[in-house]
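Here's a quick briefing on the chain you're about to look at. It goes from the whole chain down to a few individual residues.

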Amino acid sequence: MVKQISDITNGIIDGKPLSLGVCPVQLGGKNRVNILALGDVGATMLIGLKLLGRDVISRIGICDINRKNCARLEMEMNQIGYPDTDLPEVRIVDEKDLFDCDVMIFCASKGVPPVEEGAEKDVRMAQLDANREIIDHYAALAKTACYRGLVCIVSDPVDNLAAAFLDASGFAPGQIQGYGLGVMHRRALYYAKDAEGAKARYVAEGRAFGPHGSDLVIANSLTDYDDEASRELTKLTIEANLRVRELGYKPYIAPALSSAALSILLTLRGEWHYGSLYFGDAAKGAFFGLYNRLTESGWEHEETELPDKLFERILKAYSNLCSQRSGNR
């Protein structure tokens with residue numbers, strides 16, 4: 001039997017899958033965007049949205065516990081523009097006004113723990129409990145504000161925190177998307193373009209699936225899948241963060257732009273991008289990363305026939321995310 005992405009919930013959920021048939025933004029129009037937390041990722045993403053978002057962003061609100069950082073960014077961002085053309089205005093917003101917008105981007109984190117020997121997974125998952133506390137706080141604010149816009153989760157672990165926001169807010173799952181997979185796709189491309197043989201096919205035929213972490217699934221090709229080459233490329237992609245850390249730097253620039261700024265702008269334009277959508281019913285399920293787009297009638301994901309070995313990898317990643325959600329509820 002031919003398997004597709006929509007089959008991953010079979011045998012895992014008992015009820016009817018929750019609908020993603022909602023469009024929480026002004027698709028292709030001007031949206032008011034607010035950003036929570038302006039650390040390395042948030043500030044870099046802000047630059048990308050400011051420079052490239054004039055067509056779909058009317059203004060950008062920034063909120064951070066560091067008021068001096070907000071003041072600095074408000075000044076500097078509003079001094080960026082073309083000689084005779086304005087870019088979206090940046091303004092400081094208080095926490096109480098954070099959900100007075102069309103798009104709220106969550107970049108808050110209690111910090112990245114030091115990297116222990118070898119484990120990219122440990123870095124992301126060690127942030128889960130601390131960042132869940134922050135998610136719970138802001139989900140309560142969003143609920144009180146009767147927010148109807150889009151919540152973009154950028155903080156790690158993206159998929160888990162998107163699920164935590166869903167649980168805490170009671171929102172429709174179509175109001176939430178996780179943004180972590182875009183950079184994994186670009187990292188896979190980075191290694192594939194200089195590769196030979198099956199790994200090189202990723203450039204024209206490949207796809208990325210799953211979480212921004214150790215359960216990532218890189219498929220070298222959807223039409224001629226090679227499991228060994230795909231697993232090798234997946235390993236290179238997962239460990240790309242560590243290569244930057246080995247040079248003494250935090251790897252935040254590419255994620256802030258590829259996963260967050262560029263992917264969010266593509267979302268607002270109704271174009272195809274990588275991000276995490278909810279697959280499951282009200283009791284069981286998880287946010288899972290894949291190629292998708294937002295339409296006037298809701299979210300649409302790429303649906304294609306999947307080779308058995310590839311489907312097994314995707315199903316395992318999805319099942320693990322479901323288990324992690326159940327264990328943290």
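About 14600 Å² of accessible surface is what you get for this chain, with 50% of that belonging to carbon and sulfur atoms. Keep in mind that this is a predicted model. Of its 329 residues, 53% count as buried.

**Overall build**

- The chain has 11 helices and 11 strands.
- Its radius of gyration is 19 Å, close to the 20 Å that the globule rule gives for 329 residues, so the chain is as compact as a globular protein of that length.
- If you're thinking about box dimensions, the C-alpha trace spans about 55 × 45 × 40 Å along its principal axes.
- Looking at contacts with a separation of 6 or more, 76% of them come from residues 24 or more positions apart.

**Charges**

- The chain carries 37 positive and 45 negative charges.
- Take the mean position of each set, and the two points sit 3 Å apart.

**N220 and its surroundings**

- You'll find N220 in the loop between β8 (217-219) and α8 (227-238).
- With a relative accessible area of 0%, N220 is buried, because the cut-off for that label is under 20%.
- A polar atom of the N220 side chain lies 3.0 Å from the backbone oxygen of A198. That falls within the 3.5 Å used for a polar contact.
- Not counting residues up to four places away in sequence, N220 touches A198, R201, Y202, E205, G206, Y225, D226 and S230. So A198 turns up twice for N220, in the contact list and through its backbone oxygen.

**Q127**

- Q127 is another loop residue, located between α3 (120-125) and α4 (128-144).
- Its relative accessible area is 6%, so Q127 is buried.
- Q127 and V158 are 31 residues apart in sequence, and their C-alpha atoms are 10 Å apart in space.

**I134**

- I134 belongs to helix α4.
- Relative accessibility for I134 is 14%, so this residue counts as buried.
- Which residues does I134 contact, leaving aside its neighbours within four places in sequence? They are F106, A108, S109 and K110.
- One of these contacts, F106, is 28 residues from I134 in sequence, with 9.8 Å between the two C-alpha atoms.

Note on methods:
Residues numbered from 1 in each chain as written. Predicted model: local features only at pLDDT ≥ 70, side-chain atom pairs only at ≥ 80, totals over all residues. Heavy atoms only, no water. Helix = DSSP H or I, 4+ residues; strand = E, 2+ residues; numbered from the N terminus. Buried < 20%, exposed > 50% of the residue type's maximum accessible area, 1.4 Å probe, protein only. Polar contact = N/O pair within 3.5 Å; in protein donor to acceptor, adjacent residues only side chain to side chain. Contact = heavy atoms within 4.5 Å. Rg over C-alpha atoms; globule rule 2.2 N^0.38 Å. Areas by Shrake-Rupley, 256 points an atom, 1.4 Å probe, with all protein chains shown as cover. Lys, Arg positive; Asp, Glu negative; His and termini not counted. Charge placed at Lys NZ, Arg CZ, Asp CG, Glu CD.
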